[in-house]
Amino acid sequence: MATPPLQMPVPGERTSETICRYRDENGPVSPIEFPGKVKAWMVTSYEMVNAILSNDDVLYSKSPAYFTALHDGTVPADWPLRQLIEGDHLLVKDREEHRRLRSLINRAFTPGRVAGLAPRIQEMTDELLDRLAGETGVVDLVKAFTEPLPVAVICELFGVPEGIERNQIREWSNVLLSHTASPEEAAATGAAILGYLAEFVERKRGAPGDDLTTGLIKAQEDDGDRLSDEEMLWILWLVLIAGHETTVHLIANAVIALCTDREQLAMAQERDAWDQVVEEALRSRNSVVGVLFRYPNEDVRLGETTIPAGEPIMVGIAGAGTDPATFGADAGRFDISRGAREPHLGFGRGPHFCLGAPLARLECRIALASLFGRYPDLDLAIKEDEVGYTSSFITEGPSALPVVLGPR
Ligand code: HEM
């Protein structure tokens, strides 16, 4: 009997639970249908996810030509993720083209630039926490903390001045974060961000600073291989889109895990084990539950299923992170003391491995250590199963997180 398609998660529920339940009942390869009648496959075992990501660029492609070939040469207008396929950025490039762009970006997005942001991230974190001082009632931690921090960090990275412009970027990011925007609204917001970035880059040319944008402009001016204006805009656009929501949700998901298992919280505090908290959240409570399509260049056999060449495969990161075959019977449990059996795939693997991983790790560590350092008794104000999640096959995190801070 054919496996029934994996359905969109019910709004409010954790997508990762839907995915894992499905994997346990039907096996690791499933048909999936998105709004806009976009059909694909979802792969949810560690072994398969690892094999696909490791074979990127060889057996699999990210070229949108495969996608449009299945949809009369276009991207369906009512598909909410249009720009992730239509845009001209890293996530749709293969091989030489991809390597060339990554190496140009690496000239500007250096480990030194990330490390240099640490004091500002700490300051911005402290400012947000200062605003909560004296709050005795219920606070929405998403609104007050996990949402404003990542967008402020990206603005800092880009060199966007504080004030109106940052607020505008934050508003746009929130439209995308809420997942309640229609496909038209989401596309219009994405276009508004691109329009703003074009104007912002022009301004930066005249007033350079010590920031990623200026670094990319320098990479444009270097002799030899150059970034085009268009490429530069899409890089900044993707960094904002890929770096905001993922970080917002990872911090919030880790807060939920720690509040609902206070032994883990005590262990994190006693051992100052915030790096382990971040890694364990990336494995078992990741903000990224799935990443977009890989298209096999030839028919591929995955377990019992043959996937025809060119059909889109969604890579189920959440399934891989909680696969009992790899992480044991208690794979779903958040436990910072578990020894790593296999590296988690929370930032992906292979050529498209997360460009912002060092920044995300730094930021999440500072956010969590500072939050619980200041409010060690912080707790959820509702039951764990009352937390409502945004509904998506790409990201997972609470749409709001009511907490009480407790005494300082
Ligand atoms: C790619 C996860 C934060 C920028 C990825 C991928 C994953 C991921 C799984 C692989 C996508 C694929 O293979 O198709 C995460 C998580 C984050 C995070 C869990 C936070 C906890 C960030 C931040 C930035 C960023 C802060 C930028 C400052 C990117 C970019 C790519 C990417 C540009 C595309 C890389 C490429 O295609 O070569 N991320 N990310 N991410 N991420 Fe992140």
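Of the 27 residues that surround the ligand, the nearest are G243, T246, G348, C354 and G356. The model is a predicted one, and the predictor assigns the complex an ipTM of 1.00 and a pTM of 0.96. For the protein, the mean pLDDT is 92, with 99% of residues at 70 or more.

The shell around the ligand draws at least two residues from each of three elements: helix 13 (229-259), strand 5 (291-296) and helix 18 (357-374). Helix 13 gives the largest share, seven residues. By character, the shell holds 17 nonpolar residues, nine polar residues and one charged residue.

Strand 5, one of the elements that supply the shell, also belongs to a sheet. That sheet is open, has five strands in the order 1-2-8-5-3, and shows mixed pairing. Its edges are strand 1 and strand 3, each of which pairs on one side only. Strands of a sheet pair through backbone hydrogen bonds, in either the parallel or the antiparallel sense. Strand 5 and strand 3 (residues 60-61) run antiparallel and are joined by two bridges; in one pairing, Y60 has P296 of strand 5 as its bridge partner. Strand 5 also pairs with strand 8 (residues 313-315), again over two bridges and in the antiparallel sense. Here V291 stands opposite V315 of strand 8. Six of the six residues of strand 5 are buried, so the strand is largely enclosed by the rest of the structure.

Helix 13 leads on to another part of the fold, since it is among the elements against which the buried residues of helix 11 pack. Helix 11 covers residues 183-206. Does its length follow from its residue count, or what span should be expected? At 1.5 Å a residue, its 24 residues should span 34 Å, and the end C-alpha atoms lie 36 Å apart, which agrees. Within helix 11, G190, I193 and L197 are buried. An α-helix has 3.6 residues a turn, so residues three or four places apart point the same way. The buried residues of helix 11 pack against helix 4 (82-86) and helix 10 (164-178) as well as helix 13.

Helix 1 (residues 15-26) is another helix whose span can be checked. Its 12 residues reach 16 Å from the first C-alpha to the last, close to the 16 Å expected at 1.5 Å a residue. The buried residues of helix 1 are T15, S16, T18, I19, C20, Y22 and R23. Among the elements that cover them are strand 1 (29-34) and helix 16 (317-321). Strand 1 is also an edge strand of the five-strand sheet. Just after helix 1, G27 adopts a positive phi of about 95 degrees.

A further sheet remains to be described. This sheet is open and has three strands, in the order 4-10-9, with antiparallel pairing. Strand 4 (138-140) and strand 9 (379-380) form its edges, each pairing on one side only. Strand 4 is joined to strand 10 (residues 402-404) by three bridges, and the two run antiparallel. In this pairing, D140 stands opposite P402 of strand 10.

Definitions and conventions. Residues are numbered from 1 along each chain as its sequence is written. This is a predicted model: local features need pLDDT of at least 70, side-chain atom pairs count only at pLDDT 80 or more; totals for chains, interfaces and linings use all residues. A residue is near a molecule or strand if its C-beta atom, placed from the backbone, lies within 6 Å of it. Helices (H or I, at least four residues) and strands (E, at least two) are DSSP runs, numbered from the N terminus. Ala, Val, Leu, Ile, Met, Phe, Trp, Tyr, Cys and Pro count as nonpolar, Asp, Glu, Lys and Arg as charged, and the others, Gly among them, as polar. The expected span of a helix is 1.5 Å times one less than its number of residues. A residue is buried if 20 or more other C-beta atoms lie within 10 Å of its own, exposed if 12 or fewer, and partly exposed in between; C-beta atoms are placed from the backbone. Two residues are in contact if their C-beta atoms, placed from the backbone, lie within 7 Å. Two strands pair if DSSP finds at least two bridges between them. pLDDT is the predictor's confidence in each residue, from 0 to 100.
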